[in-house]
Structure formats: structure tokens, C-alpha cells
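Here are a few exercises to work through with the model open beside you. Try each task before you read its solution.

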Amino acid sequence: MKWKLSVKDIFNASPVVPVMVIKQIEDAEPMTQALLEGGIRVFEITLRTDVALEAIKRISKAFPEAIVGAGTVINIEQYDAIVEAGAKFAISPGATEELLMHAAKGKIALVPGTATPSDMMKALELGYDHLKFFPAEVNGGAAALKAISAALPQLRFCPTGGISEKNLAHYLVLDCVATVGGSWMLPNDAIAAKDWAKVTALTKQAVDLVAIKAK
């Protein structure tokens, strides 16, 4: 894999990866600015909205210091589209062999979504050792990930799905967890009200919590 930026570098660049669902393009830049001011510079912009690709383009141009990625990448066409839009990495909810093999030869890193040891072993066979554990909470949460990592200690994870400030600490104590993904710092009411100060405050709380647990 000859990616410009490795998944290890991406995971190490931020203690939390916010999952950004941008529904209105005018929210893209102020939302990103709020997260940056809170101490986060790695962003996962999901492809679940019509403006996602445009948001990736705008954020990549406006914030060159940020590491802008795309989430919910489910096929090679989407992978190629986000590369064209300027994304620096891709995250998928699952992992098909076609997508894994395509990204392995591509320009930007892919973080494959996995839920079971079989998923993880298949990804590992194709050279992927930094994975997404998704959906984390409904698949047994931190306890399940701890058990799985005992058998697959060479893997590092970004657990995502159902994680919040209430259970974040359970994941942070695991050696296999390099970063976590979540959207609790982006509550719908704050986004609807354009309350970017609240987003910044929640982001600072998340970053501070990670820093405390890391000591």
C-alpha cells in the first residue's frame, strides 16, 4: 500500500474522530471550525447526504491543516469519487474484498469496518491492520473488543457506533483502541440552531476526557 497518509498516522492525529452528517452545505465550514477550535483535526464526513462530496471539497480547501476523510464508503465508485473530491482517507461500514483490494492500490487509506473476528482476519489477510469496529456497542462494546484483541493483538481499532461520553472510558483503557469515532459532540439541536459554540464546548470536553484517561 502506497498511501500518502497511513491509517496509523490518521488514528494518532486525533483522540476522537467526529462523524459528521452534513445536511446543509452552509454548515460545512462553521461545523468544521467549531470542531477545530475544540481540539479535533480529523474529520469523517459521511456520504449519507446529497451535499457530502461538496462538503469534502469545501472543507479540504478551507482547512488545509485538517485531515478530511469520508465515511460510509461502500463501493469502489464512491472511493474514487472521494479521492477526486480531496478526501485524505476513507472509512467503510463493512468491507467487501473488491473494495479492500481496490483501496490497497489506491491513493488514500481505507479504514475497513469490521464486526467479527472473521471480518478482521479477512482484512488482515489483505494487509489491513488498522480497522473500524462497527457498530461497537451492539456488537458487545468494549468487553467484546477486549476479548477479540486478545486473539488478534496485531490489530488496532477505531470503535464507532453508540459511543458517547458515558462509555468512552471503557474503550480508552484498551491497548487495541487507537482512537474512537462518534457524533455526540454534534447534537442535532445544536446543528439546527447553528450553535457552534456548543459544538466547540462539547468537543473540548471530549478531548479533555481522552487526555485524562490517557494519563
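**Exercise 1. Find how far apart the mean positions of the positive and negative charges of the chain are.**

Start with the counting rule: Lys and Arg are positive, Asp and Glu negative, while His and the chain ends are left out. Next, place each charge at NZ of Lys, CZ of Arg, CG of Asp or CD of Glu. That gives 22 positive and 23 negative charges, and their mean positions lie 4 Å apart.

A word on the ground rules: this is a predicted model, where local features need pLDDT of at least 70 and side-chain atom pairs count only at pLDDT 80 or more, while totals for chains, interfaces and linings use all residues. Residues are numbered from 1 along each chain as its sequence is written, and side-chain values use heavy atoms, with hydrogens and water left out.

**Exercise 2. Work out how compact the chain is for its 215 residues.**

Step one is to count the elements: the chain has ten helices and nine strands. These are DSSP runs numbered from the N terminus, with helices (H or I) of at least four residues and strands (E) of at least two. Step two is the radius of gyration, 16 Å, which is close to the 17 Å from the globule rule, so the chain is as compact as a globular protein of that length. (The radius is taken over C-alpha atoms, and the rule is 2.2 Å times the number of residues to the power 0.38.) Step three is the extent: the C-alpha trace spans about 45 × 40 × 25 Å along its principal axes.

**Exercise 3. Decide which residues of helix α7 are buried, and where they sit around the axis.**

First, the cut-offs: buried is under 20% relative accessible area, exposed over 50%, and partly exposed in between (1.4 Å probe, protein chains only). In α7 (residues 141-151), the buried ones are Gly141, Ala142, Ala144, Leu145, Ile148 and Ser149. They cover an arc of only 155 degrees around the axis, so they are on the same side of α7. That arc uses the directions from the helix axis to the C-beta atoms. The spacing fits a general rule: an α-helix has 3.6 residues a turn, so residues three or four places apart point the same way. On the face turned away you'll find the exposed Ala143, Lys146, Ala147, Ala150 and Ala151. Finally, the buried residues pack against α6 (117-125), β7 (130-133), β8 (156-159) and α8 (168-172), where contact means heavy atoms within 4.5 Å.

**Exercise 4. Is Ala90 buried or exposed, and what does it touch?**

Locate Ala90 in strand β4 (residues 89-91). Its relative accessibility is 0%, so Ala90 counts as buried. Now set aside residues up to four places away in sequence: the contacts of Ala90 include Ala70, Val73, Tyr79 and Ile108.

**Exercise 5. Pick out the backbone oddities at Pro135, Thr72 and Lys194.**

Keep the usual case in mind: most residues other than glycine have a negative phi, and most peptide bonds are trans. Pro135, in the loop between β7 and α7, is joined to Phe134 by a cis peptide bond with omega about -15 degrees. Thr72 isn't a glycine, yet its phi is positive, about 60 degrees; Thr72 is in the loop between β3 (67-71) and α4 (76-85). Lys194, also not a glycine, has a positive phi of about 55 degrees and lies in the loop between α9 (188-192) and α10.
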